[in-house]
Amino acid sequence: MTNFSWLLDGSIIALYIVATLTAGLMVRKYIKGVDDYLLAGRKVDIYLGIASLAATEFGIVTCMANAELGYKYGFAGTTPGIALFLVMFLIGQTGFCIKPLRDKGVTTIPEFFEDKFGKKVRWASGVVIVLGGLLNMGVFLRMGGDFLTTIFGLPDGYLEAMMTIILAIVALYTILGGMLSVLVTDYMQFVVMSIGLLIATFLVLFNFEWSSITGQLAESYGAAAFNPFIGDTYGLDRIVLDVLLALASILTWQTTITRVLAAKDTATGQRIYRATSPFFLIRFMIPAFLGIGAFYYFTNFGGAPDREIMALPNFLAIVLPTGILGLLIAGMLAADMSTNSSYMLAWSSVIYNDIMEPIHKKQWSDKRSIRVNRMLVALIGIFLLLYGLWYPLKGDLWVYLQVTGTIYLSSMCTILIAACYWDKANNWGAIGAIIVGCVIPISYLILQQVPSTQQWAEQIGPYKSAISAYILTGVAMIIGSKLKPNPLKINQT
């Protein structure tokens with residue numbers, strides 16, 4: 001059952017999509033070079049940076065994943081958001097790692113590594129970033145399609161068509177307008193998304209009293225619903241992973257760090273981080289609360305979906321009235337478009353700037369470089385569509401995002417910190433960190449999918465697996481750097 005009206009809600013969504021496409025396509029005439037396409041000419045100010053970063057990191061997938069955490073763990077499910085907020089504010093305040101990055105004027109993180117570790121480490125870092133990034137993003141279209149088909153009340157057979165439509169809309173203005181289109185549409189999406197989510201939150205509070213919602217949590221989950229350190233419902237290992245992931249993603253997640261690299265100067269980049277940090281908490285708090293509202297509703301009135309990840313769209317389709325539902329979906333679709341476009345552009349920039357650097361050696365004309373980047377965005381879109389149709393998601397959506405992100409976050413965070421602050425770090429240590437950080441999470445994902453090893457994967461668990469990746473990449477960096485012979489000592493003997 002859904003309150004969605006194709007006449008009213010559908011018109012609101014269609015109007016917004018047309019406005020977004022128009023705005024995104026209008027700025028393509030301002031693209032003069034590859035820096036304009038990938039980094040908006042490095043002219044992003046504090047206000048646009050805040051809106052863009054907040055919108056980019058809040059898509060349908062993020063909302064569904066965070067709502068699932070609220071549905072399953074109550075307010076304890078906001079722990080990742082608290083960790084992200086604190087880490088982002090501290091990094092913005094101190095400039096830890098991001099100041100050297102922006103001062104260097106690089107386009108991507110692997111480019112920063114070249115001076116200290118050489119071209120091979122830069123290339124390998126690019127490969128790992130793209131591998132982890134694409135696997136992480138691989139479920140975005142499927143989740144977005146699931147969300148919209150549920151809201152629209154369409155049968156499952158429309159999922160593929162919905163995924164294709166989402167991809168086509170996003171790819172069109174991203175391919176043509178690059179980062180300029182992303183920034184302009186991000187600003188629009190930030191406003192629409194904020195209005196829609198706030199209205200939805202107030203309506204849930206109005207329809208279901210706060211005391212009733214919290215009382216249901218206490219009855220079902222006990223004190224663990226309010227404190228992640230109590231009991232083993234959420235778990236200490238998961239809290240540790242949340243903190244490690246927060247540090248690594250704020251420092252090295254390409255779509256996040258791009259806003260610092262695109263800022264007009266280093267001080268502006270740090271201010272963007274400090275000012276955006278509360279939104280990284282809010283992007284967990286609001287969806288988690290909506291997930292808690294869904295838990296209350298389905299516990300008391302029945303009709304809970306088979307998969308917990310689908311609790312949010314089913315809940316919203318029932319409790320939100322026509323018109324408000326259309327506004328919210330416009331905001332959610334806006335957020336999803338923003339996320340997908342930024343991610344596609346981020347991975348294409350790494351492929352072009354780092355993996356393909358031995359081919360073009362920065363000698364190609366701007367026209368040719370832009371054309372190649374547009375082709376890369378299109379190819380990434382095709383991959384995401386095919387992967388989303390093929391890959392069967394196991395367990396929590398947020399856990400999948402954590403594990404796939406670890407493929408590159410664990411090693412890139414270690415290498416970045418070493419590059420900035422450890423004089424003795426070298427390419428042996430960097431390569432060791434890349435190999436270890438990549439092998440552990442990929443091995444877990446494979447074990448999880450193979451029937452004969454699924455039980456073993458369950459015993460290990462995603463949290464311990466990912467934590468070990470972060471720890472062992474640091475060990476590999478230290479051991480590898482220590483093992484490499486010192487050229488000065490060799491010459492002296």
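**Exercise 1. A helix pair with a short link**

Which residues in α12 meet which residues in α13? Classify the packing and the contact.

*Solution.* The model is predicted.
Step 1: list the contact. From α12 come S249, I250, L251 and T252. They meet Q254, T256 and I257 in α13.
Step 2: take the geometry. Helix α12 covers residues 236-252 and helix α13 covers residues 254-262. Their axes lie 6 Å apart, at an angle of about 45°.
Step 3: classify. The angle makes α12 oblique to α13.
Step 4: sort the contact residues by class. Three are nonpolar, four are polar and none is charged.

**Exercise 2. The α4 and α19 pair**

Describe the packing of α4 with α19, then the residues of their contact.

*Solution.* Two packed helices are described by the angle between their axes and the distance between the axes.
Step 1: find both values. The axes of α4 (residues 60-73) and α19 (residues 397-421) come within 8 Å. They cross at roughly 120°.
Step 2: classify. The crossing angle makes α4 oblique to α19.
Step 3: list the residues. V61, M64, A65, N66, E68 and L69 stand on the α4 side. L397, W398 and L401 stand on the α19 side.
Step 4: sort them. The contact holds seven nonpolar residues, one polar and one charged.

**Exercise 3. The largest nonpolar core**

Which residues touch the most other members of the largest nonpolar core, and which helix supplies its largest share?

*Solution.* Step 1: set the overall picture. The protein has 23 helices and zero strands. Of its 493 residues, 61% count as buried.
Step 2: identify the core residues. The largest nonpolar core has 154 residues, and F113, F147 and W347 touch the most other members.
Step 3: assign the share. Helix α16 (residues 324-355) gives 16 residues, the largest share of this core.
Step 4: look around F147. Sequence neighbours up to four places away are not counted. F147 then touches I60, M64, M310, L312, P313, L316, I329 and M332. M64 also belongs to the α4 side of the contact with α19.

**Exercise 4. Two loop residues**

Are C97 and G138 buried or exposed? Place each one in the chain.

*Solution.* Step 1: place C97. It lies in the loop between α5 (79-94) and α6 (98-104).
Step 2: check its cover. C97 has a relative accessible area of 0%, so it is buried.
Step 3: check its backbone. C97 has a positive phi of about 70°, although it is not a glycine.
Step 4: place G138. This residue lies in the loop between α8 (119-137) and α9 (140-152).
Step 5: check its cover. G138 is buried too, with a relative accessible area of 1%.
Step 6: find its partners. Beyond four places in sequence, G138 is in contact with L384, Y387 and G388.

**Exercise 5. Long-range pairs**

What share of the contacts with a separation of 6 or more joins residues 24 or more positions apart? Give two residue pairs far apart in sequence.

*Solution.* Step 1: state the share. Such residues account for 86% of these contacts.
Step 2: take G138 and L389. They are 251 residues apart in sequence, and their C-alpha atoms are 9.1 Å apart.
Step 3: take M285 and N66. They are 219 residues apart along the chain, with 8.1 Å between C-alpha atoms.
Step 4: add the setting. M285 lies in helix α14 (residues 266-301). M285 is partly exposed, with a relative accessible area of 35%. N66 is in α4 and takes part in the contact with α19.

Terms used. Residues numbered from 1 in each chain as written. Predicted model: local features only at pLDDT ≥ 70, side-chain atom pairs only at ≥ 80, totals over all residues. Heavy atoms only, no water. Helix = DSSP H or I, 4+ residues; strand = E, 2+ residues; numbered from the N terminus. Buried < 20%, exposed > 50% of the residue type's maximum accessible area, 1.4 Å probe, protein only. Contact = heavy atoms within 4.5 Å. Axes fitted to C-alpha atoms, helices over the stretch in contact; angles between N-to-C directions. Parallel < 35°, antiparallel > 145°, perpendicular 65-115°, else oblique. Nonpolar A, V, L, I, M, F, W, Y, C, P; charged D, E, K, R; others polar. Core = buried A, V, L, I, M, F, W, Y, C linked by side-chain atoms within 4.5 Å.
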